[in-house]
Amino acid sequence: MNPAYFASWFPFPDNSQLDWEKLGDTDYLYVSHLHRDHFDAAHLTRFVSKKATVLLPEYPTSELEDELRALGFSSFLKTVTNEVVELDGGLKIMIQALTSPTDGPIGDSSLWVEYDGVRLLNQNDARPTDLQRFTDLGHVHAHMIQFSGAIWYPMVYELPQSAKTAFGKQKRERQFDRTFRYIDDLKASQVFPIAGPPCFLDDSLWHLNDIFGDEGNIFPDQHEFLIEYAKVGGVNAHVLLPGSVSKVTAADCETSHLVDDLDDFFANKESHLKEYRERQRPVIEAAKLTWEHPEIDVLAGMKERIEPLLEESLYLAEGVGGPVRFDLTDPDDVVIESILVDFPGKRVVPAADEKVRYRFRTERRLVEHLLFTGEVDWANSLFLSCRFSAARIGQYNEFVYAFFKCLSEERLQYAEGWYDEHENSTDAEDITLDGWQVQRRCPHLKADLTRFGDVEGDTLTCLLHGWKFDLPSGRCLTSAGHHLRASRAE
Ligand code: FES
């Protein structure tokens with residue numbers, strides 16, 4: 001309900017008119033993961049009954065539990081990934097936690113629910129490599145799934161507009177492809193596009209809303225989803241707006257809405273957003289006032305926070321492989337300080353004119369605030385806010401973002417351990433795809449390429465996250481350092 005990521009993301013449509021007191025008077029609480037557009041601390045504190053039992057995903061770190069305890073929740077049911085639990089009254093649930101360093105902020109999850117023979121999967125933002133564990137439990141009647149963008153790419157990159165549009169268009173298509181692939185895997189009776197898009201109400205981010213007919217916009221709404229889904233023959237999707245109610249049975253689904261006409265609502269999206277923006281203007285202005293901490297020495301703060309972690313980091317630091325520069329600006333966008341995070345040299349120093357791997361440009365007050373609040377996850381705070389621009393030399397490098405997501409001992413150790421295990425595991429099984437023999441599991445996050453692999457010419461695309469591999473050489477074309485074993489099938 002409240003904005004996330006430096007007051008940049010708001011829920012779309014506005015949901016503030018709901019009776020949150022009543023909705024919060026609940027027996028159970030499930031929070032899928034710690035992304036702040038899902039974990040709304042102010043809202044949970046104010047509206048959700050502290051008597052609720054939290055259904056907790058099995059995450060490698062205790063952060064989600066710790067944060068919920070700090071808000072006053074004390075009853076926890078710690079689930080085990082992929083194990084069904086029966087609750088009072090015969091409701092069955094199962095939570096599948098994903099735990100790679102690139103899943104959410106160290107963890108993302110899906111919730112499966114069964115009652116009286118009717119099954120629902122709330123897949124949410126999670127991207128399991130396959131949905132078999134859920135299909136094994138019987139036909140699913142309702143599939144709730146994210147379909148829109150939730151990232152800063154490519155909008156923040158300093159690129160010519162035509163390139164941005166081309167990359168954005170690819171990204172938008174990939175998001176839909178991936179969603180349709182999951183829908184096809186699960187074959188649920190009904191589909192509900194959920195968990196997005198965000199909307200952007202600050203004037204400086206207004207251009208990110210999908211209201212300008214830009215085919216490169218990565219934040220399509222539910223109505224756009226219906227249009228695209230119909231093109232691939234999808235006829236079983238239902239839009240949910242705040243206050244909508246769907247009654248799903250084994251045989252059918254009936255949905256009612258607070259608005260009279262859905263098509264009308266989406267046709268008037270721009271005016272809805274403009275009114276919403278006026279209502280939220282004071283909220284955004286108040287948030288901005290909290291960001292400035294001029295007393296903070298940013299260089300010293302980053303040194304203190306980052307250098308010990310660089311010292312301990314093997315895989316992430318090596319994966320980044322070069323220096324990363326932060327250009328910090330005043331609110332008028334003039335650079336007032338430049339700081340270098342030197343990954344090979346394992347130090348944080350004032351930047352001169354070194355050649356860098358990545359360069360980020362953002363307001364100094366945002367970094368002041370990250371240091372002031374002790375934020376451990378700059379990817380899921382600063383970067384998701386889209387309040388920065390970026391430039392890079394060479395390929396996308398997942399280690400850069402993984403490192404800035406892990407600015408605590410606990411997270412860093414977990415991520416290092418995860419990469420250690422995966423680098424050293426052998427993945428021996430091969431499959432044949434369109435005349436090529438390739439390893440079965442994607443080198444990125446192990447998607448099964450029999451389902452997600454797509455070969456065109458000499459390029460294999462894994463449709464789970466869209467990574468591309470050059471088949472003759474095995475080289476990853478999307479990110480540094482992920483080789484695919486591949487050869488001609490003959
Ligand atoms: S698992 Fe991410 S692209 Fe294949």
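Ser 110, setting aside neighbours within four places in sequence, is in contact with Gln 96, Leu 121, Asn 122, Gln 123, Asn 124, Ala 126 and Pro 128. This residue of the predicted model belongs to strand 7. With 24 other C-beta atoms within 10 Å, Ser 110 is buried, because the cut-off for a buried residue is 20 or more. One of its contacts, Gln 123, is 13 residues away along the chain, and the C-alpha atoms of the two are separated by 4.5 Å.

Strand 7 covers residues 108-115, and a loop leads from there to strand 8 (118-124). Asp 116 lies in that loop. Its phi is positive, about 55°, although Asp 116 is not a glycine. Asp 116 is exposed, with 9 other C-beta atoms within 10 Å; it counts as exposed because the limit for that class is 12 or fewer.

**Domains**

The domain assignment divides the chain into domain 1 (9-282), domain 2 (298-420) and domain 3 (426-488). Between the C-alpha centres of domain 1 and domain 3 the distance is 29 Å. Contacts between these two domains involve 9 residues of domain 1 and 9 residues of domain 3. On the domain 1 side, the touching residues comprise 6 charged and 3 polar residues, with no nonpolar ones.

For residues 438-490, UniProt lists "domain: Rieske" in an unreviewed entry. Over residues 438-490 the model has 32% strand and 8% helix. The C-alpha atoms at the two ends of this stretch are 12 Å apart.

**Nonpolar cores**

The largest nonpolar core has 55 residues. Those touching the most other members are Leu 316, Val 320, Ile 339, Val 400, Ala 402 and Phe 403. Helix 13 (residues 398-404) supplies the largest share of this core, 6 residues. Both domain 1 (9-282) and domain 2 (298-420) give residues to the core, so it lies between them.

What does Ala 402 contact, leaving aside its neighbours within four places in sequence? The partners of Ala 402 are Pro 101, Thr 102, Leu 316 and Ala 415. Apart from this core lies another, of 37 residues, whose members include Tyr 30, Leu 68, Val 140 and Tyr 229. In soluble globular proteins, nonpolar side chains tend to be buried together.

**Helix 6**

Tyr 229, a member of the 37-residue core, is also one of the buried residues of helix 6 (residues 222-231). The others are Gln 222 and Phe 225. Viewed down the axis of helix 6, the buried residues fall within an arc of 45°, so they line one face of the helix. An α-helix has 3.6 residues a turn, so residues three or four places apart point the same way.

Strand 10 (190-194) is included in what covers the buried residues of helix 6. On the face turned away from the buried side, helix 6 carries the exposed residues Ile 227, Ala 230 and Lys 231. Just after helix 6 comes Gly 233, with a positive phi of about 90°.

**Cis peptide bonds and backbone angles**

Two cis peptide bonds are listed below.

| Cis peptide bond | Omega | Place of the proline |
|---|---|---|
| Phe 12 to Pro 13 | about -5° | Pro 13: loop between strand 1 (9-11) and helix 1 (20-24) |
| Gly 196 to Pro 197 | near -5° | Pro 197: loop between strand 10 and strand 11 (198-200) |

Strand 10, which is included in the cover over the buried residues of helix 6, is thus also one of the two strands that bound the loop of Pro 197.

Tyr 5 is placed in the segment before strand 1. Its phi is near 55°, a positive value in a residue other than glycine. Is Tyr 5 buried, exposed or partly exposed? Tyr 5 is partly exposed, with 19 other C-beta atoms within 10 Å.

**A loop between helices**

Gly 374 is found in the loop between helix 11 (364-373) and helix 12 (379-385). Gly 374 is exposed, having 9 other C-beta atoms within 10 Å. Along the chain, Gly 374 and Leu 23 are 351 residues apart, and their C-alpha atoms are separated by 32 Å.

Terms used:
Residues numbered from 1 in each chain as written. Predicted model: local features only at pLDDT ≥ 70, side-chain atom pairs only at ≥ 80, totals over all residues. Core = buried A, V, L, I, M, F, W, Y, C linked by C-beta atoms within 7 Å. Helix = DSSP H or I, 4+ residues; strand = E, 2+ residues; numbered from the N terminus. Domains from an automatic or database assignment. Contact = placed C-beta atoms within 7 Å. Arc of directions from axis to C-beta. Nonpolar A, V, L, I, M, F, W, Y, C, P; charged D, E, K, R; others polar. UniProt positions renumbered as here; feature names shortened; annotations may be inferred.
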